[in-house]
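Please open the model in your viewer and keep the sequence panel visible. The tour below proceeds one selection at a time.

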Amino acid sequence: MNTSCLFPGQGAQTPGFLHRLPDHSEVRSTLSEAAATLGMDPMQLDTEAALTSTVAVQLSLLIAGVAMMRTLREEETAEGETVIDSVAGLSVGAFGAAVACGALQFDDALRLVKLRGECMEHAYPHGYGMVAIDGLDERQAIEVVKRAGGTNAELYIANINAPRQIVVSGADRSLAAASVIAREVGARRTERLAVSVPSHCPLLNSVAERLATAMHDVAFGLPRIPYVDNRRARIHHDAAGIREDLIQNVAHTVRWHDSVTVLYELGVRLFIEAPPGDILSRLVRQAFEEARAVPLEGTSLTSLAQAAKHSLLKRPPQP
């Protein structure tokens with residue numbers, strides 16, 4: 001493997017990001033498909049008001065990721081090269097990755113993500129969220145969680161995005177306590193994320209159960225390219241493993257740094273980030289000096305396809 005496409009999760013959204021997608025036939029086609037499946041204009045999902053809803057955020061992230069992956073694939077075809085040879089998605093971004101690798105149909109992904117967001121909002125309409133902690137490692141973050149309230153704190157390690165960037169998830173009162181304690185023990189910064197639910201922890205076990213029921217009759221196919229999961233940083237070449245990851249990642253810690261490390265160790269040196277933003281690209285650059293990470297948002301597709309093609313010529317030896 002040499003080039004991977006990464007799909008961001010909730011928190012990467014900014015108002016108007018669907019409107020900033022390029023005027024391209026694949027983008028228009030994807031938006032039309034989304035409108036037909038959802039029974040609404042998807043361009044209404046990215047207003048500042050709409051993005052206060054977990055459902056709108058997750059749907060718009062899926063739509064943007066699939067639209068840009070399809071657009072990039074058309075550019076690849078025009079150049080005569082297929083350069084994206086693996087995918088990974090953080091949190092709800094995993095659904096975009098599953099569509100991109102061919103394991104899940106776009107219309108099924110839309111319905112599942114809509115259900116996912118609705119269940120999350122219904123379970124925790126207010127009083128919960130997520131906080132990012134920069135400058136502490138996983139062991140230190142676990143101690144912060146313990147000190148922030150004990151067994152009834154409703155606070156959990158949610159994401160390990162980098163060796164020293166940890167996200168905790170839970171109740172507002174516990175998040176506030178954890179932020180104070182984290183800074184006291186050496187964290188450079190804590191930040192409340194634009195996520196209104198406690199993702200990636202046992203508080204969402206009921207959502208995983210609903211997803212499992214909903215996916216029982218959804219057809220999954222064999223992925224055309226490898227998919228790296230959220231929970232165990234494993235590469236999947238099978239439909240069953242991808243289905244399980246999409247069900248379970250909502251209620252389990254996302255080990256994102258491990259997932260990207262697996263890709264790097266298998267030879268990936270160019271990481272292309274689906275919109276919106278560049279959060280995942282910055283994490284890659286911080287972790288691996290030899291890797292190149294490029295966000296699709298604001299990047300010329302032609303130049304990106306050429307860069308990916310050139311990257312193929314510089315493929316490192318496989319471990």
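Two strands are said to pair if DSSP finds at least two bridges between them. With this in mind, select strand S2 (residues 86-89) and strand S7 (residues 227-228) in this predicted model. S2 and S7 pair in the parallel sense over two bridges. Val87 has Tyr227 as its bridge partner in S7.

**The other partner of S2**

Add strand S1 (3-7) to the selection. S1 and S2 also run parallel where they pair, with four bridges between them. Ser4 finds its bridge partner in Ser86 of S2.

Now display the side chains of S2. In a regular strand the side chains alternate between the two faces of the sheet. Are the residues on the two faces of S2 buried or exposed? Ser86 and Ala88 on one side are buried, as are Val87 and Gly89 on the other, and both faces of the strand are thus covered.

**The loop after S1**

Next, select Gly11, which is found in the loop between S1 and H1. Gly11 has a relative accessibility of 29% and therefore counts as partly exposed. Which residues does Gly11 touch, apart from neighbours within four places in sequence? Its contacts are Ala194, Val195 and Ile279. Gly11 and Ile279 are 268 residues apart along the chain, yet 9.2 Å separates their C-alpha atoms.

**Two helices that cross**

Continue to helix H1 (residues 25-38) and helix H4 (residues 106-123). Two packed helices are described by the angle between their axes and the distance between the axes. Here the axes come within 10 Å and cross at roughly 55 degrees; H1 and H4 are therefore oblique to each other. The crossing of H1 past H4 is right-handed. To view the contact, show Thr30, Glu33, Ala34, Thr37 and Leu38 of H1 together with Phe106, Asp107, Leu110, Arg111 and Lys114 of H4.

**A sheet of four strands**

Now turn to the open sheet whose four strands follow the order S4-S5-S3-S6, with antiparallel pairing. Which strands form its edges? They are strand S4 (155-162) and strand S6 (189-192), each of which pairs on one side only. On average, neighbouring strands in this sheet are turned by 25 degrees against each other, direction ignored.

Select S4 and strand S5 (residues 165-171), which run antiparallel and are joined by six bridges. Ile160 stands opposite Ile166 in S5.

Two helices should then be added. Helix H5 (residues 138-147) lies across S4 and S5, and runs at about 160 degrees to S4. Helix H6 (residues 172-184) lies across strand S3 (128-134), S4, S5 and S6, and runs at about 150 degrees to S5.

**The cysteines**

Finally, select the cysteines. A disulfide is a covalent bond between the sulfur atoms of two cysteines. How many disulfides does the structure hold? The number is zero. Cys5, for instance, is in no disulfide, and the nearest cysteine sulfur, that of Cys101, is 11 Å away. With a relative accessible area of 0%, Cys5 is buried.

Why is Cys201 not bonded to Cys119? Cys119 holds the closest cysteine sulfur, but the sulfur of Cys201 is 15 Å from it, which is too far for a bond; the cut-off for a disulfide is a pair of sulfur atoms within 2.5 Å. Cys201 is buried as well, with a relative accessible area of 1%.

Technical notes. Residues numbered from 1 in each chain as written. Predicted model: local features only at pLDDT ≥ 70, side-chain atom pairs only at ≥ 80, totals over all residues. Heavy atoms only, no water. Axes fitted to C-alpha atoms, helices over the stretch in contact; angles between N-to-C directions. Contact = heavy atoms within 4.5 Å. Buried < 20%, exposed > 50% of the residue type's maximum accessible area, 1.4 Å probe, protein only. Parallel < 35°, antiparallel > 145°, perpendicular 65-115°, else oblique. Left-handed = near helix turned anticlockwise from the far one by under 90°.
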